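Open the model in your viewer and keep the sequence panel beside it. This tour says what to select at each stop and what is there.

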Amino acid sequence: MSAALVGINGFLHEGLKKRIVLADVSKSREIRRFLVSLPILMTKRTPIIGGNWKMNTDLESGMLLAGAVADQFDSCDCCDVVIYPPFLYLQAVDSVIGQSMVSLGAQDIWHASNGAFTGEISADMLKEIGVTSVLVGHSERRHVLGESEVLIAKKMKTSLASGFQTVLCVGETLEERESGNTLSVVLGQVTSGLEGVSASQMESVIIAYEPVWAIGTGKTASPEDAQSVHKEIRECVRGLYDEIVADTLRIQYGGSVKPDNAAELFASPDIDGALVGGASLSADSFNAIVAASCKS
Ligand code: 13P
């Protein structure tokens, strides 16, 4: 999946072809820094599949689900797998996924470190119980709970400063798509969410493109439509940062991803995995989506 050829001077010089390196750069900073020093390099982004359970499961079913995912992927190194249970079950789920390849994620974070914020959860609290990945700006938080771009940008900064892998979720509503505003909305959300985020912090950023009209509706963006938005997001990030940041950034697709549509989405060059809602609530369907990403 997602091989990107990067030429520092924008072209592949015959004499430098020998120095092309094929490597998975998303897991190792050392390898990444080494590659940056080469004039020409080829990067392969490791797919990342997230299971966003939203406000679903109970303690027992959540632990069973996490166990069934962890059992399947206790030694998977072809992709990254993260599950995002409800806050209340994080600790229990952590005890189940243990030393497996499955990482623990939180569906949200609060931007302040402590204080009078009734109902909120801080970065330190998440860290203490083993969370390594955080979702920020999910469309349900933007559109159902009214989170603003300003709040989302604050959460991004706090999450990154606290060392979490941070997934910035973006996506247009049906109305915005039908009025021809998909790119201005999505790229506006990307730009505003990344404000103040440094190039080195971008190593911990994932972007999830989740068209709001495709979430929980059974309507998936076609692989062509999704690919074209993903490509624009990557170009936007190239403009905000540089070639390396853009070409190593992983961009997940989300919105009614299922075992039967995952493979064709993952075949697109700029789709680096999925953020899965409904289908992550069954180990069989989630594991099938993970398996599809490994084959891409
Ligand atoms: P569905 O897969 O249920 O459409 O949800 C997608 C989503 O919102 C993941 O964050």
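Why is strand E5 (residues 80–84) largely enclosed by the rest of the structure? Five of the five residues of E5 are buried, so the strand is largely enclosed by the rest of the structure. A residue is buried if 20 or more other C-beta atoms lie within 10 Å of its own, exposed if 12 or fewer, and partly exposed in between, with C-beta atoms placed from the backbone. Helices (H or I, at least four residues) and strands (E, at least two) are DSSP runs, numbered from the N terminus.

Before going on, two notes on the model. Residues are numbered from 1 along each chain as its sequence is written. This is a predicted model, in which local features need pLDDT of at least 70 and side-chain atom pairs count only at pLDDT 80 or more, while totals for chains, interfaces and linings use all residues.

**Stop 1: the whole chain**

Select the protein chain. It has twelve helices and eleven strands. Of its 296 residues, 43% count as buried. Among contacts between residues at least 6 apart in sequence, 69% join residues at least 24 apart; two residues are in contact if their C-beta atoms, placed from the backbone, lie within 7 Å.

**Stop 2: the barrel**

Select strands E4 to E11. They form a closed barrel of eight strands, in the order E4-E5-E6-E7-E8-E9-E10-E11, with parallel pairing. Neighbouring strands of this sheet are turned by 25° against each other on average, direction ignored. For such angles, axes are lines fitted to C-alpha atoms, for helices over the stretch in contact, and angles run from 0 to 180 degrees between N-to-C directions. Two strands pair if DSSP finds at least two bridges between them. In general, strands of a sheet pair through backbone hydrogen bonds, either parallel or antiparallel.

**Stop 3: E5 and its neighbours**

Return to E5 and show its side chains. Asp80, Val82 and Tyr84 point one way from the strand, Val81 and Ile83 point the other way, and all are buried.

Add strand E4 (residues 48–52), which pairs with E5 in the parallel sense over five bridges. Isoleucine 48 stands opposite aspartate 80 in E5. Now add helix H2 (residues 59–72): E4, H2 and E5 make a right-handed β-α-β unit. A crossover is right-handed if, with the strands pointing away from the viewer, the path from the first strand over the helix to the second runs clockwise.

Next add strand E6 (residues 102–106), which runs parallel to E5 and is joined to it by three bridges. Here valine 81 stands opposite valine 102 in E6. With helix H3 (residues 90–97), E5 and E6 make a right-handed β-α-β unit.

**Stop 4: E10 and its neighbours**

Select strand E10 (residues 250–254). Five of its five residues are buried, so E10 is largely enclosed by the rest of the structure. Arg250, Gln252 and Gly254 point one way, and Ile251 and Tyr253 the other way.

Strand E9 (residues 205–209) pairs with E10 in the parallel sense over four bridges. The bridge partner of isoleucine 206 in E10 is arginine 250. Strand E11 (residues 273–276) and E10 pair in the parallel sense over two bridges, and tyrosine 253 stands opposite alanine 274 in E11. The chain crosses from E10 through helix H11 (residues 259–266) to E11, and this β-α-β crossover is right-handed.

**Stop 5: loop residues**

Which way does the sign of phi go at lysine 54, positive or negative? Phi of lysine 54 is near 55°, a positive value in a residue other than glycine. Most residues other than glycine have a negative phi. Lysine 54 is in the loop between E4 and H2 and counts as partly exposed, with 17 C-beta neighbours inside 10 Å.

Select serine 256 in the loop between E10 and H11. Phi of serine 256 is near 55°, again a positive value in a residue other than glycine. Serine 256 is buried, with 20 other C-beta atoms within 10 Å.

**Stop 6: the ligand**

Finally, select the ligand. 14 residues surround the ligand, and the closest are Asn52, Ile215, Gly254, Gly277 and Gly278. Near here refers to a C-beta atom, placed from the backbone, that lies within 6 Å of a molecule or strand. The shell divides into five nonpolar, eight polar and one charged residue. Ala, Val, Leu, Ile, Met, Phe, Trp, Tyr, Cys and Pro count as nonpolar, Asp, Glu, Lys and Arg as charged, and the others, Gly among them, as polar.
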